Amino acid sequence: NNSVLSTLTSTAAFMPKLLWGKEYCVILLYKLFNLSLGDDSLREDLYEGLKSEYEDPCKVIIPETEEELFKCLQWILKEN
């Protein structure tokens, strides 16, 4: 249960939760890059919906800056 799944943007990171109920820490990096990947509001709604299914929503991390990413990584290292 100490695994961390990190991706630019992929719902595959949520498969352990959806299929087996395992709540691994998920880091979605898409906000750190200036990308045009389609409808951002749909992506936000989807990820927020998946995050709300977690017992501990803090395990779904979507950093907006490098500083936030580093703080999240430090938090993960402390927790594990």
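This is a short talk about the fold of one predicted protein chain.

Hi everyone, thanks for having me. Please keep in mind throughout that we are looking at a predicted model.

Let me begin with the overall layout. The chain has 3 helices and 3 strands. Starting from the N terminus, the elements follow the order β-α-β-α-β-α. The radius of gyration is 12 Å, close to the 12 Å given by the globule rule for 80 residues, so the chain is as compact as a globular protein of that length. If you look along the principal axes, the C-alpha trace spans about 35 × 30 × 15 Å.

Now to the sheet. How are the strands ordered? The sheet is open, with 3 strands in the order β1-β2-β3 and parallel pairing. At the edges sit β1 and β3, the latter being residues 60-61, and each of these pairs on one side only. Helix α3, residues 66-79, packs on this sheet and touches β1, β2 and β3. The direction of α3 makes about 170° with that of β2.

Let's zoom in on one strand pair. Strand β1 covers residues 4-7 and strand β2 covers residues 25-28; the two run parallel and are joined by 4 bridges. If you want a spot to click on, try Ser6, which stands opposite Ile27 in β2. And what links up with these two strands? Together with helix α1, residues 15-20, β1 and β2 make a β-α-β unit, and that unit is right-handed.

Next, a stop in a loop. Between β2 and α2, which is residues 40-52, you will find Gly38. Is Gly38 buried or exposed? Its relative accessibility is 53%, and the cut-off for exposed is over 50%, so Gly38 counts as exposed. For a sense of distance, take Gly38 together with Leu19: they are 19 residues apart in sequence, and their C-alpha atoms are 26 Å apart in space.

Finally, some figures for the whole chain. Of the 80 residues, 29% are buried. The accessible surface comes to about 5400 Å², and carbon and sulfur atoms account for 52% of that. As for contacts, consider those between residues at least 6 apart in sequence: 53% of them join residues at least 24 apart.

So, the picture to take away: an open sheet in the order β1-β2-β3 with parallel pairing, a right-handed β-α-β unit made by β1, α1 and β2, and helix α3 packed on the sheet. Thanks for listening, and I'm happy to rotate the model for anyone who would like another look.

Technical notes. Residues numbered from 1 in each chain as written. Predicted model: local features only at pLDDT ≥ 70, side-chain atom pairs only at ≥ 80, totals over all residues. Heavy atoms only, no water. Pairing = 2+ DSSP bridges. Right-handed = clockwise from strand over helix to strand, strands pointing away. Contact = heavy atoms within 4.5 Å. Axes fitted to C-alpha atoms, helices over the stretch in contact; angles between N-to-C directions. Rg over C-alpha atoms; globule rule 2.2 N^0.38 Å. Buried < 20%, exposed > 50% of the residue type's maximum accessible area, 1.4 Å probe, protein only. Areas by Shrake-Rupley, 256 points an atom, 1.4 Å probe, with all protein chains shown as cover.
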